[in-house]
Each structure stands twice: as structure tokens, then as C-alpha cells.
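Work through these exercises with the sequence and the model open side by side. Try each task before you read its solution.

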Amino acid sequence: MRVLGIESSCDECAASVVEDGHKVLSNVIATQIPFHAAYNGVVPEIASRKHTEWIYAVVKEALDKAGMKAADVDAVAATARPGLLGSLLVGLSFAKAFAWARDLPFVAVDHMLAHLYASRLDQAFSKGEEVSAAEYPFLGLLVSGGHSIICKVDAFDDITVLGTTIDDAVGEAFDKVSKHYGFGYPGGAVIDKLAESGNARAFNFPLPSLHKGDHRYDVSYSGLKNAVINQFEQFRALPAHEAKEIEEANIAASFQRTAVEILARSLFNAVQDTGLHTIVAGGGVAANSLLRARLAERQDLRCIFPPLELCGDNGAMVAGIAYRYLERGEASPLTVTASARVKAFKRRCS
Ligand code: ATP
Ligand code: MG
Ligand code: FE
């Protein structure tokens with residue numbers, strides 16, 4: 001079964017065709033980054049307008065690259081939540097119209113569950129091994145621009161949230177620090193690159209004290225973000241040549257080390273308490289090189305990351321997870337609408 005998946009929850013206008021929930025036949029991602037870069041963040045009005053302008057061409061290209069015509073599509077899926085409402089509505093409406101016009105099954109998909117599914121697509125490898133073998137239950141690490149979730153995963157659509165951020169999301173912290181220092185947008189990949197030449201011990205930024213009781217699996221980024229931003233005055237006073245370049249790299253590396261350690265601490269608490277030793281990551285921050293290296297240090301864990309191009313927003317994860325619903329005979333009514341808010345996932349009882 002060939003499913004067309006459409007993703008438009010934020011600033012990526014994406015479409016993909018995936019066969020039988022795993023084989024990626026095409027994956028088109030049109031990023032709006034250049035249109036938002038001047039504002040150092042996503043402007044919702046610009047995002048929805050660009051989606052409206054691009055969606056047809058993006059879907060057309062996804063079909064072309066898969067060597068298909070509209071008539072060859074067996075089902076259509078789109079992200080319905082969470083995200084920017086205006087942006088979500090573009091992809092969702094397009095998908096519903098496509099399904100209605102061709103009388104095809106339609107599936108509305110949750111963006112966070114889709115991020116978690118990305119590692120089950122064929123291109124996904126972990127330490128060279130095929131990932132599809134990851135057996136439930138395992139621990140999920142969902143780290144992106146808007147979310148930081150540590151969860152127990154019992155099925156592709158059944159997660160129990162163990163911990164989450166009590167303030168900012170980890171990707172948001174990367175973006176805000178980068179914005180403040182003028183490193184570039186979006187901040188994650190820029191800081192990851194800058195950090196390569198920096199000394200990660202140059203600054204000792206604080207770790208939040210979340211290690212006790214109810215917060216054992218939670219994370220917090222506002223303290224770290226503020227500490228790094230407060231360092232800016234000192235940074236600005238430096239003359240603009242080599243010293244400044246070294247300091248930029250040091251700040252990026254020290255921030256990144258702490259940001260990753262915050263995630264690792266809470267995740268390792270969850271490993272210890274649940275006894276689960278397989279971790280599946282997803283979301284834009286799963287592309288972070290230090291996060292990957294830090295988790296790989298733990299020889300007792302099996303850590304599965306999506307390939308870099310499937311960490312951020314894409315249509316393949318949407319088409320892939322949709323197949324799993326269809327396989328169970330579940331489709332969504334065309335009356336489904338978009339929602340900006342994250343689904344109320346089950347939470348651990350403390
Ligand atoms: P959400 O998935 O929570 O709705 P989103 O869709 O905007 O939010 P993604 O597209 O999944 O988020 O990921 C984008 C985020 O990932 C940005 O915050 C970006 O800075 C971050 N990111 C991308 N690459 C890296 C990297 N190498 N290191 C750290 N962060 C990264
Ligand atoms: Mg994005
Ligand atoms: Fe996302």
C-alpha cells in the first residue's frame with residue numbers, strides 16, 4: 001500500500017510517498033528557513049502563506065519522484081496536531097480534498113507520534129544495524145523545537161509520558177541562544193557546528209536540580225538559556241577578531257554540553273527505573289552530534305536515531321505511521337480538524 005504523507009505543521013512544507021509503512025519512495029522537504037531567518041524565528045502568517053503557495057508543487061514533486069500519478073495513491077495522511085494552526089490547516093485541507101476527490105482512506109496524524117515513528121522507516125540505521133527490529137516496549141526521547149518528552153512506548157500510538165520540560169523545549173533553547181548571539185537561524189545545527197571547534201569546559205553553566213522525586217525524568221532549559229544569555233555582555237566586550245571567534249565556539253560548546261547532559265541525566269534515570277535499555281529518539285534535536293555521542297557512550301543501551309534527514313519535519317514519518325493505523329482498519333473522518341495543542345498523552349502516575 002502506497003501512502004501519500006503531508007506535513008505542514010511549522011515551517012517545512014513536506015510530502016512523501018511511503019510503501020507499506022517503511023519503504024520511502026520519495027521525500028520532498030521544502031524549507032521556509034530563508035523567509036523566516038530575518039526574524040530569527042518562524043512568523044506564523046508567512047508560514048501559512050508559503051504553505052498555500054507551495055503545497056501543490058511539493059505534493060506533485062513527491063508523486064513524480066516516486067514515479068506515480070495521483071491515481072496510484074492508495075491512501076492520504078496529514079499532520080493534524082500539534083503545530084501552527086494556519087500552517088496545519090493548509091496540509092490537512094489539501095490532504096482531505098485529495099482523499100475526498102479520489103475516494104481514498106484518509107488518516108490524520110499526531111506530529112509527535114510521527115517523529116517517534118521516523119526511526120522505523122527503511123533508511124534508519126543505528127550503529128549500522130536495521131532499526132525495524134526495535135521491540136516494544138522501549139523508551140522514547142522526543143526532542144524538537146517545541147517539545148522535550150521522555151516516554152515509555154508500548155506501541156506506535158501508545159506512549160506514556162514519564163517526563164517533559166517544565167519550561168522551554170530543548171530545541172527552543174538552542175534557537176534562543178543562537179538568536180541572542182547572532183549565530184544564525186535555526187540555532188540547533190549552527191550551534192552543533194560551532195561547538196566542534198570549541199572547548200566544552202570553557203564555561204560551567206548550571207544544571208537544573210530536578211533529580212529528586214517527581215521531577216526525576218523532567219528537564220528544564222530556561223535556567224541554562226538565561227545563564228548563557230547573561231554571558232553575552234562579557235562576550236560583546238571582546239574585540240571583533242580571533243578572540244571573539246574562539247569565545248563563540250566556547251560558548252556554543254559549553255552550552256551544548258550542558259543541554260545534552262540535562263537530557264542524558266533524566267533519560268538515564270528513566271533507564272534505571274524502568275529497566276528498559278532500548279531508546280528510540282526523534283525530532284530535530286535528535287540530529288545533534290553530541291547527543292548521539294553521549295548516548296553511544298553507554299554500552300548497555302541500544303540507541304536508535306532516525307537518519308539526519310528524517311529527524312526534522314518530513315512527510316515520510318506521516319505516511320509511515322498512517323499505514324500502521326490503516327493496517328488495523330482505522331481511518332479518520334474528513335471532519336477532523338487541526339489543533340495547535342499537543343495531544344493529552346497518558347502520564348505516569350507518581
Ligand atoms: P515540534 O516537533 O515540537 O512541533 P518543530 O517541528 O518546529 O517542533 P523540529 O522540526 O522537529 O521541531 O526540529 C527543529 C528543532 O530542532 C529546532 O529547534 C532546531 O534548532 C533543532 N535542531 C536541528 N538540528 C539540530 C542539531 N544538530 N542540534 C540541536 N538541535 C537541532
Ligand atoms: Mg522546522
Ligand atoms: Fe517537528
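**Exercise 1. The ligand shell**

Task: find which helix gives the largest share of the shell around ligand 1.

Solution. The largest share, four residues, comes from α6. A residue belongs to the shell if its C-beta atom, placed from the backbone, lies within 6 Å of the ligand. Helices here are DSSP runs of H or I with at least four residues, strands are E runs with at least two, and both are numbered from the N terminus. A note on the source: this is a predicted model, in which local features need pLDDT of at least 70, side-chain atom pairs count only at pLDDT 80 or more, and totals for chains, interfaces and linings use all residues. Residues are numbered from 1 along each chain as its sequence is written, while chains are lettered from A and ligands numbered from 1 in the order in which they are written.

Next, look at the nearest residues. Of the 25 residues around ligand 1, G145, G146, G171, G188 and G284 come nearest. The elements that give two or more residues to this shell are α4, α5 (170-181) and α6 (187-195).

Now sort the shell by class. It has seven nonpolar, 15 polar and three charged residues. Ala, Val, Leu, Ile, Met, Phe, Trp, Tyr, Cys and Pro count as nonpolar; Asp, Glu, Lys and Arg count as charged; the others, Gly among them, count as polar.

**Exercise 2. Two domains**

Task: state the bounds of the domains, then describe the side of domain 1 that touches domain 2.

Solution. Start with the bounds, which come from an automatic or database domain assignment. Domain 1 covers 2-121 + 310-345, and domain 2 covers 138-305. Their C-alpha centres lie 27 Å apart.

Then count contacts. 17 residues of domain 1 are in contact with 22 residues of domain 2. Contact requires C-beta atoms, placed from the backbone, within 7 Å. On the domain 1 side, α4 (111-117) and α11 (316-327) are the elements that give two or more residues. The largest share, five residues, comes from α4. By class, this side has eleven nonpolar, five polar and one charged residues.

Finally, return to the ligand. Its shell draws at least three residues from each of domain 1 and domain 2.

**Exercise 3. The nonpolar core**

Task: where does the largest nonpolar core lie, and why?

Solution. The core has 101 residues. Such a core is a set of buried Ala, Val, Leu, Ile, Met, Phe, Trp, Tyr and Cys residues joined through C-beta atoms within 7 Å. Buried means that 20 or more other C-beta atoms lie within 10 Å of the residue's own, with C-beta atoms placed from the backbone. The residues with the most contacts inside the core are A77, V109, V170, I279, V318, A319 and A322. Helix α9 (residues 242-274) gives the largest share, eleven residues. Domain 1 and domain 2 both give residues to this core, so it lies between them.

Take V170 as a case. Leaving aside neighbours within four places in sequence, V170 is in contact with V143, S148, V219, Y221, A259, L263 and V285.

**Exercise 4. The six-stranded sheet**

Task: give the strand order of the open sheet, then trace the partners of β8.

Solution. The order is β12-β11-β8-β9-β10-β13, and the pairing is mixed. β12 (302-304) and β13 (346-347) stand at the edges with a single partner strand each, so one side of each is left without a neighbour in the sheet. Two strands pair if DSSP finds at least two bridges between them.

Go to β8 (residues 138-143). It runs parallel to β11 (residues 278-282), joined by four bridges. Here G140 is the bridge partner of V280, and L142 stands opposite G282. β8 runs antiparallel to β9 (residues 148-155), joined by six bridges. L139 stands opposite K152 in β9. A hairpin with four residues between the strands links β8 and β9. Six of the six residues of β8 are buried.

**Exercise 5. The strands β1 to β3**

Task: which strands pair with β2, and in what sense?

Solution. β1 (residues 2-7) pairs with β2 in the antiparallel sense over six bridges. V3 stands opposite V18 in β2. The hairpin between β1 and β2 has four residues.

β3 (residues 23-31) also pairs with β2 in the antiparallel sense, over eight bridges. V18 stands opposite V24 in β3. Three residues lie between β2 and β3 in their hairpin, where D20 takes a positive phi near 50 degrees. Seven of the eight residues of β2 (residues 12-19) are buried.

Key
Two residues are in contact if their C-beta atoms, placed from the backbone, lie within 7 Å. A residue is buried if 20 or more other C-beta atoms lie within 10 Å of its own, exposed if 12 or fewer, and partly exposed in between; C-beta atoms are placed from the backbone.
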